[in-house]
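Got the sequence and the 3D view open? Let's walk through them together, one question at a time.

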Amino acid sequence: MIPSVSVRDLTVRYSATTAIDALTLELAPGRIYGLLGRNGSGKTSLLSVLAAYRKADGGSVLVDGEDPFENPRTMRDTVFIRDTLDVADSDRIGRVLDFHARLRPRWDAGYAAHLLDVFGLDRRTRVSALSRGQRSSLGVVLGLACRASLTLLDEVYLGMDAAARSAFYRELLDDYLAHPRTIVLSTHLIQEVADLFEEVVIIDRGRLVVSEDTDTFRSRGVAVTGPAEAVETFVSGRTVLGTQSLGGVRQATLYGELGDEEERRAELAGLSLAPVGIQDLFVHLTSGEAVK
Amino acid sequence: MTSRTVLSTLLRMYRPILLGFGATLVVGLGLVDLAFGLLTEPGFSLWMFVAGSAVKYWLGVIGVMLVTLHLRQFVAAGVTRRTVVAGGAAFGVLVSVGVAVLIPLGHGLEDKALGAVSADYPAWSPPVAVGEFGHVLPVCLAFFVSGAAVAAGFYRFGAGIGLALLVPAVLPGLLAEELLGNGGSGEVLTRDLPYPGALAVSLGVTVLGALLCQREMRDVAIRRAKTG
């Protein structure tokens with residue numbers, strides 16, 4: 001069964017620092033979530049609590065209706081891959097895979113072997129001999145081949161080259177379609193991964209900023225392109241995230257949805273409207289100047 | 001996932017190390033022992049002096065590894081801390097029993113090869129072997145628990161409080177060594193108390209050390225690896 005996740009007033013502290021501050025969030029089952037936030041925003045802390053790596057200091061977390069902390073049923077079916085791998089450096093890759101094969105009930109050894117081929121990893125290589133990108137690839141193999149119903153991937157692409165990242169996105173999507181589960185992908189490479197997200201969750205300074213489906217999120221902004229003067233007139237009085245000009249043509253990125261009347265006005269002024277990239281909206285919402 | 005799975009996984013992980021360690025002790029010390037026997041009149045049991053001491057430190061290292069490495073590995077594979085602690089404890093007991101059997105067996109082989117090594121040192125016999133088992137086992141258990149408790153204190157609380165918790169954590173090992181540790185010629189000794197009392201005190205403090213370790217580990221946050 002693919003689990004839903006319910007977080008209520010979650011608080012996580014590290015001594016005097018509050019990493020997660022009364023965060024409330026619902027994750028529906030069987031979706032790919034993009035978990036976005038600036039450095040230190042609390043993404044890893046949130047994932048750590050979901051994976052039972054850390055106990056919440058306050059509030060509640062339910063995975064498939066149960067508290068995941070020290071819960072054998074939910075922990076068995078949850079995988080959390082961090083940028084630092086939780087494996088022994090002295091082990092060979094084959095031994096790491098065998099270890100997970102023994103403990104993960106839905107481990108797919110054939111798929112793991114396929115992923116090793118895709119990422120060019122050799123079972124005989126010791127983890128300590130892997131490059132940063134290869135370690136990340138091994139993390140992806142562990143994260144996907146265990147087919148856990150709740151898959152939490154925290155910046156697993158670190159050090160991967162463009163080809164490896166592309167292979168990762170392709171494999172993630174293919175395997176998700178073949179074996180649906182709830183996937184939370186924390187990343188800073190927003191533009192590159194945005195097309196994978198079905199839902200976007202943004203947290204900033206430990207608090208939830210946005211949690212909604214990607215299309216709705218994209219509609220929070222619009223790119224207006226046309227003659228510079230017409231664009232200037234149209235955007236006057238609005239929240240402008242950025243502008244670009246080429247010759248007499250200007251593009252302005254606006255925050256906020258346009259109504260039917262405004263869209264008609266733009267059309268009459270010879271302006272074209274297009275959706276805004278998730279990254280532009282993310283930067284705006286976490287820059288401290290966001291419109292609340 | 002049960003503690004039995006953790007136990008069998010640990011046994012599988014450590015099998016090559018256990019076999020290598022055992023073989024090195026038996027073959028290496030056997031050769032050195034033979035050379036000693038041929039060249040000199042040995043005044044002590046090299047087997048008991050070296051192997052009898054080495055195994056307890058090795059159990060201490062396993063205790064440390066259980067906290068600093070295996071806890072993270074198992075939790076990352078979806079196993080609860082509770083199950084890891086239970087399976088790890090069973091592993092520690094099993095390995096302790098194994099080495100507590102190996103030590104008198106090795107002493108017996110040494111005795112066969114060299115004869116009695118010293119007038120002060122008891123020749124091997126079944127009662128002596130049982131006595132050695134009865135000393136090595138609680139000492140190994142105590143060192144295993146001390147290793148795990150020391151590591152758990154630092155793992156959970158960091159250097160400051162970990163250092164303060166060092167005192168109760170090392171107590172099982174220190175006490176077992178004082179009450180039941182080897183003498184200068186490698187012989188097993190019972191000091192300060194009669195054997196039943198020494199055994200009861202040693203096992204009692206070891207259980208307290210195990211409880212300390214269990215309390216430190218039951219809801220500990222899983223730390224990141226140092227490398228990455």
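This is a predicted model, where local features need pLDDT of at least 70 and side-chain atom pairs count only at pLDDT 80 or more, while totals for chains, interfaces and linings use all residues. Residues are numbered from 1 along each chain as its sequence is written, and chains are lettered from A and ligands numbered from 1 in the order in which they are written.

Q: Which residues of H1(B) are buried?
A: Let's pin down the word: buried takes 20 or more other C-beta atoms within 10 Å of a residue's own, with C-beta atoms placed from the backbone. Helices here are DSSP runs of H or I with at least four residues, and strands are runs of E with at least two, numbered from the N terminus. In H1(B), the buried ones are B:Val6, B:Leu7, B:Thr9, B:Leu10, B:Leu25, B:Leu29 and B:Asp33.

Q: What do the buried residues of H1(B) pack against?
A: Contact is the thing to look for here: two C-beta atoms, placed from the backbone, within 7 Å. The partners come from both chains: helix H3 (93–103) of chain A, plus helix H2 (46–76) and helix H3 (81–114) of chain B.

Q: Where does H1(B) bend?
A: The bend at a residue is the angle between axes fitted to the seven residues ending there and the seven starting there. For H1(B) that angle is about 50°, and a proline, B:Pro16, follows within four residues of the spot, which is B:Tyr14.

Q: Which helix gives the most to the side of chain B that touches chain A?
A: In total, 22 residues of chain B are in contact with 21 residues of chain A. On the chain B side, H1, H2 and H3 each supply at least two residues. The top giver, with five residues, is H2(B).

Q: How many helices and strands does chain A have?
A: Chain A holds 292 residues, and 43% of them count as buried. Its C-alpha atoms fill a box of roughly 65 × 40 × 35 Å, taken along the principal axes. The tally for chain A is eleven helices and 13 strands.

Q: Why does A:Arg165 count as buried?
A: Find A:Arg165 in helix H6 (residues 162–178) of chain A. Leaving aside neighbours within four places in sequence, A:Arg165 is in contact with A:Tyr157, A:Met160 and A:Glu192. A:Arg165 is buried because the number of other C-beta atoms within 10 Å is 20.

Definitions and conventions. Buried ≥ 20, exposed ≤ 12 C-beta atoms within 10 Å, placed from the backbone.
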